[in-house]
Structure formats: structure tokens, C-alpha cells
Amino acid sequence: MKASKKFKNGVRLIHLWLGLFSGIIVMIISLTGCMYVFESDIRTYLQKDYAYVPLSKQEPASLATLLHDLSKIAPGKKITAIEINHTAPNATVAFSAGKGNVYYLNPYNGNLVKKSGKDYLLTIREIHTSLLMGETGKFIIRWSVVIFVIMLISGLILWFPGQFRLIRQALTIKWEGSFKRVNYDLHNVLGFYASGILLVISLSGLYFGFKEVRTAVSFLSGSKLTEGKKATAAIKPEIIEDIPERYGKMYADAVSQYPGAELTTLTIRKDGNIRLRLNYASNWERKRNTFFYNADNGQLISSKLYKDYTRADVIEAANYDLHTGQIFGLFGKIVATVVSLISASLPVTGFIIWLKKGKKKKKKTNRVVA
């Protein structure tokens, strides 16, 4: 009995100090996370006035033509990303260029439909993943999530009542109690109900942050993450000097060889190479065909097709939707939002519990002295 009490006291101390150390970061991660869960829905609503143009009988222009049109609209701007929506022929084509500027072009004639500044949703995502502090912020976020996982486990240990008859009491909030009691119940009871889902969200987040986690998951799945199939190098690669024509050829070859994609994204990576990704409709894991090209000559470097996914690849493809709750549709996103809000409240209610205990100890000390 004494050993059990000592163990719980030790766990309580760990829970307390880790919470005081990481509470603000956990709040930031939780609040930005629940804001980003409905990212696609928010984006659809905000872009409803310029995501589509009136239908036309003429054929949509080629990507090369649209890029030439963009060079006249935004001369000198370097393209960083292109997004093409295949769900409708009248969907505008989005070009990211310059510092946070996005140009939405008419797919038929290349006219500018809308120019927007930096997407605030991307800023929210950057806060969530790096606190807008680059690699330093990513380091802080990664280890704060590790601490949060430890706190969730230690919280469950502390929640578990010493006697079976007290479980019902541990599962309900005594709303008619004092502020101190209600706050205590909000921390313990809501924390217990949300802990299972928060563990899934946190562990799936660690999958993004740590290579070791991905390696462990691959080991447990009995398969390996594949890097894709390397393309056969051309003896004398054809160099297309005109960038629009080069990008246009990459895109045309990919969509003709692997039709049926709902969305195509083309991005310029930090290493200078180009990643072209075809996204297909899916229920669980994200079905993507990914191609990497040499930016200088447009030659294919490697490709990774979803039909060749191993079990580890399927887990990786499903991890983002699992992390955000999207894997279970609207219900999953609502649940992820609610538990993220609970997660943001835990540092607040926990801090109040600590303050109240500190005042109680101070009063007791004063009485003893008196």
C-alpha cells in the first residue's frame, strides 16, 4: 500500500513538472491543430467565388500555355507550386509565385481570376509544426509532443481510483460542487475521456517528427517504406530550355500515363528538383502517384506508385488522415476538434489545481507557525 502511494506520488510529481514545463506549447499545438482539422472545408468556403469559372465548350488550355500567360501577369516571379483540380474542367488553376502570392487563372484563356496573399491556414499549420521558428521550432514541437504522451500516460495512472466503488465518481463531473471541485473534475474526467484519442493523435504526430518512429512502425508492420523506383537515366537527356514547356511536358506525360487523378500538385523542392504528385480518390490511405524530376532538364529521377505500396507505405499514406480525424469523415473531424479543445484546456485546469494546492499548503504552514 505504501509502495503504491509512493509510486503515485512520484508519477504526480512527473506529471506536474512536465505540465508546467510544456503547458503553453501544448495549448498552442492543440488550438492550431483543431483549427486546421477543417482546413479543406474552410478553404472550399473561402475560395468559392474564384475556385471555378463559367463552363465553356472550348478545351482547357495546356499547362505550358497557362504558364506563359502567368509570365505576362506576374513577370519575373518564380513559380514554387502549381495545383490543378481535375474534378471539374472549369476549375481555376492555382500558381504559387513570389512571397506567398497565389494566382488563380482561368483554365480556358489564362486570364487572372484572383490574386491572393499568403494563406492564413498555411500560417496556422506552420505554427502547429514549427512555431514559425524553423528547425528550432520543429525540435521544440517534437519533444513537447513526447512530453505530452508521457503526461497522458501518467494522467491515466493518477486518474485510476484506488477503489472500484469510486470509478463512477471518477467518470462524472460534479457541477454543483465548488469552483475548485469543478475545475478538478474538468481536468481529471475530461482528460480521461479524451486521453485515448489524444494518444492516437499524438503518436501519429510523432510519426511525422521522428524517423525512429517511422522505422519502428515499419518494423512492426513487417515491411519497409519504399523510396520509389529509380528511372533509367537517359544517355543524352533532352533539355527543354523553356520552363513552361518543360513543366507542361512533365504534367502531360504523367496524367496521360496515369489518368483518373482528382488533383495534381507540382512543387519545387528545397533540393531544386521537382515533385509532381497525382492524388486519387480514396477511403482510408491517400492514394498518390509521386514523381521526381530533374529541374534542369525535366528528366524523371524516380517514381512511387500507390499500386506498389507496402504495408508500411499504406500506414504512412493513412497517417495524416488519422492524425486529423479525416480518416473517419465528418464524425472523425468533429471528434478530433473536440478532444483538441479539451487538450488545450488541460494545461489551464492543471495550472489552477497547482495554484490552489500551493495556497492551501501556505495557509496550513501559517496556521502551524501561529
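Reader: Which residues does Thr-310 touch, not counting residues up to four places away in sequence?

Author: A contact is called when heavy atoms come within 4.5 Å, and with close sequence neighbours set aside, Thr-310 touches Ser-223, Lys-224 and Thr-226. Please keep in mind throughout that this is a predicted model. Thr-310 itself belongs to the loop between β9 (300-304) and α10 (311-324).

Reader: Which backbone oxygen lies 2.8 Å from a polar atom of the side chain of Thr-310?

Author: A polar contact needs a pair of N or O atoms within 3.5 Å, and here the backbone oxygen of Lys-224 is the partner, 2.8 Å from a polar atom of the Thr-310 side chain. Lys-224 is also one of the residues that Thr-310 touches.

Reader: Is Thr-310 buried, exposed or partly exposed?

Author: The class depends on relative accessible area, with buried meaning under 20% and exposed meaning over 50%; because the value for Thr-310 is 22%, this residue is partly exposed.

Reader: How far apart in space are Thr-310 and Gly-272, which are 38 residues apart in sequence?

Author: From C-alpha to C-alpha, Thr-310 and Gly-272 are 28 Å apart.

Reader: Turning to the strands, how many bridges join β8 to β9, and in which sense do these strands run?

Author: Two strands are taken as paired when there are at least two bridges between them. Strand β8 (residues 287-293) is joined to β9 by four bridges, and the two run antiparallel, with Phe-291 standing opposite Ser-303 of β9. Strand β5 (residues 229-230) also pairs with β9 in the antiparallel sense, over two bridges, and Lys-230 has Ser-302 as its bridge partner there.

Reader: What do β8 and β9 form, and how many residues lie between them?

Author: They form a hairpin, with six residues between the strands, and Gly-298 in the turn has a positive phi of about 75°. In the loop between β8 and β9 you will also find Asn-297, which counts as buried because its relative accessibility is 14%, and whose side chain reaches the backbone nitrogen of Gln-299 at 2.8 Å.

Reader: How many aromatic pairs does the count come to?

Author: Two rings pair if their centres lie within 6.5 Å, and planes under 30 degrees apart count as stacked, those over 60 as edge-to-face and the rest as tilted. By this rule there are nine aromatic pairs. In one of them, Phe-139 and Trp-143, the ring centres are 6.5 Å apart and the planes meet at 55°, so the pair is tilted.

Reader: Why are Phe-139 and Trp-143 separated by about one helical turn?

Author: An α-helix has 3.6 residues a turn, so residues three or four places apart point the same way. Phe-139 and Trp-143 are four residues apart in helix α5 (residues 134-159), and therefore about one helical turn separates them. Phe-139 is partly exposed, at 48% relative accessibility, and Trp-143 is likewise partly exposed, at 41%. The rings of Trp-159 and Phe-192, by contrast, have planes at 10° and centres 3.9 Å apart, so that pair is stacked. This second pair links distant parts of the chain, since Trp-159 lies in helix α5 and Phe-192 in helix α7 (residues 179-209), 33 residues apart.

Reader: Which residues form one aromatic cluster with Trp-159?

Author: Trp-159 is grouped with Phe-160, Phe-192 and Tyr-193 in one cluster. Within it, Trp-159 is buried, with 11% relative accessibility, while Phe-192 is partly exposed, at 26%.

Reader: Where does the charged end of Lys-48 sit?

Author: The charged end of Lys-48 is over the ring of Tyr-45, 4.0 Å from the ring centre. In another such case, Arg-142 lies over the face of Phe-210, at 5.8 Å from the ring centre.

Reader: Is His-15 buried or exposed?

Author: With a relative accessibility of 17%, His-15 counts as buried. This residue lies in helix α1 (residues 2-36), and, leaving out residues up to four places away in sequence, His-15 touches Met-151, Ser-154, Gly-155, Leu-158 and His-187.

Reader: Which element has the lowest mean pLDDT, and which the highest?

Author: Where pLDDT is low, the predicted coordinates should not be read in detail. Among the elements of this protein, helix α6 (residues 167-170) has the lowest mean pLDDT, 78, and strand β7 (residues 274-280) the highest, 95. For the protein, the mean pLDDT is 89, and 92% of the residues reach 70 or more.

Key:
Residues numbered from 1 in each chain as written. Predicted model: local features only at pLDDT ≥ 70, side-chain atom pairs only at ≥ 80, totals over all residues. Heavy atoms only, no water. pLDDT = per-residue confidence, 0-100. Buried < 20%, exposed > 50% of the residue type's maximum accessible area, 1.4 Å probe, protein only. Phe/Tyr/Trp six-rings, centres within 6.5 Å; stacked < 30°, edge-to-face > 60°. Lys NZ or Arg CZ within 6 Å of the ring centre and 35° of its normal. Polar contact = N/O pair within 3.5 Å; in protein donor to acceptor, adjacent residues only side chain to side chain.
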